[in-house]
Amino acid sequence: MFALPLCENILMKKPETQEERDLVVEALQKAQFGDKLKKLPHGIDTVITKEFDSEGVALSGGETQKIAIARIFAQNPDIIILDEPSSALDPIAEYNMYQNMMEVAEDRTVIFISHRLSSARVADYIYLMEDGRIAEEGTHDDLMSKEGTYAQMFRLQASNYQDVSGENGGDMCE
């Protein structure tokens with residue numbers, strides 16, 4: 001994040017038209033930042049960080065991550081590379097972010113690195129890296145049927161999301 005207005009952090013330049021300002025708001029909504037945006041003192045013109053502006057705002061890790069994701073929605077690049085894009089998001093925000101990302105990423109290449117294997121389910125193809133090499137590769141279903149490291153790790157992580165009361169009849173990931 002740069003010590004600049006939110007809109008400039010999204011566009012990576014000053015907005016020149018109302019359309020660009022509207023694009024920033026739309027991108028922030030898709031990145032699940034809409035509720036926070038409503039609370040900012042100057043909306044998209046609020047300076048991010050208090051480093052050079054006492055009226056600037058300090059954001060949480062999750063909010064900062066949402067701004068970075070909003071950049072993708074606003075800039076619409078051909079190739080998107082994300083490193084742990086949902087690490088600071090709660091499960092609902094993560095799900096919504098990936099749903100919106102899939103919409104924007106249609107016909108584009110998206111590479112994302114994640115330790116949360118529930119997020120890997122949205123991928124067309126998965127590479128499991130171990131010791132700096134590709135240990136397993138395939139679709140989620142392929143990797144689950146191989147009963148290898150991916151399947152073991154996925155089930156271990158999914159067990160953390162099981163409904164303790166049993167009311168949901170299983171985990172939310174499968």
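Is R155 buried, exposed or partly exposed? R155 counts as partly exposed, at 37% relative accessibility. Keep in mind that this is a predicted model. The protein chain in it has eight helices and four strands, and a good way in is to look at the overall build, then the charges, then a nonpolar patch on the surface.

**The overall build**

- If you walk along the sequence, the helices and strands of the protein chain come in the pattern α-α-α-α-β-α-β-α-β-β-α-α.
- The C-alpha trace of the protein chain spans about 55 × 40 × 30 Å along its principal axes.
- There are 174 residues in the protein chain, and 37% of them count as buried.
- Take the contacts in the protein chain with a separation of 6 or more: 50% of them are between residues 24 or more positions apart.
- The protein chain has an accessible surface of about 10,400 Å², and carbon and sulfur atoms account for 49% of that.

**Charges and salt bridges**

- Count up the charged side chains of the protein chain and you get 16 positive and 32 negative, with the centres of the two sets 5 Å apart.
- Side chains of opposite charge can pair when their charged atoms come close.
- Six salt bridges turn up in the structure.
- One of them links R155 with E147, at 3.0 Å from N to O.
- While R155 is partly exposed, its partner E147 counts as exposed, with 53% relative accessibility.
- Some salt bridges share partners, and K13, E16 and E20 are joined into one network that way.
- Within that trio, E20 and K13 form a salt bridge whose closest N and O atoms are 2.7 Å apart.
- E20 is buried, at a relative accessible area of 19%, so it falls under the 20% cut-off for that label.
- K13, on the other hand, is partly exposed, with a relative accessible area of 34%.
- Another salt bridge joins K30 and E26, and here the closest N and O atoms are 3.4 Å apart.
- K30 and E26 sit four residues apart in helix α2 (residues 18–30), so about one helical turn separates them.
- Both ends of this pair count as partly exposed: K30 has 22% relative accessibility, and E26 has 43%.

**A buried charge without a salt bridge**

- E8 is part of helix α1, which covers residues 6–11.
- What is the nearest side chain of opposite charge to E8? That would be K14, which is 5.0 Å away.
- E8 is buried yet has no salt bridge, because a salt bridge needs the nitrogen and the carboxyl oxygen within 4 Å.
- Set aside the neighbours of E8 within four places in sequence, and E8 is in contact with K13, K14 and P15.
- K13 has come up already, as the salt-bridge partner of E20.

**A nonpolar patch on the surface**

- Which residues form the nonpolar patch on the surface? I79, I81, I111 and I113 do, and together they have about 390 Å² of accessible area.
- Two strands, β1 (79–83) and β2 (109–113), each supply at least two residues of this patch.
- I113 lies in strand β2 and is partly exposed, with a relative accessible area of 40%.
- That value matters for the patch, because residues in a patch need over 30% relative accessible area.

Conventions. Residues are numbered from 1 along each chain as its sequence is written. This is a predicted model: local features need pLDDT of at least 70, side-chain atom pairs count only at pLDDT 80 or more; totals for chains, interfaces and linings use all residues. Side-chain values use heavy atoms; hydrogens and water are left out. Patches are made of residues with over 30% relative accessible area and no salt bridge: like charges are joined within 9 Å, nonpolar side chains (Val, Leu, Ile, Met, Phe, Trp, Tyr) within 5 Å. Accessible areas come from the Shrake-Rupley method with a 1.4 Å probe; for residues, only the protein chains shown count as cover. Buried means under 20% relative accessible area, exposed over 50%, partly exposed in between (1.4 Å probe, protein chains only). Contact means heavy atoms within 4.5 Å. Lys and Arg count as positive and Asp and Glu as negative; His and the chain ends are not counted. The place of a charge is taken as NZ of Lys, CZ of Arg, CG of Asp or CD of Glu.
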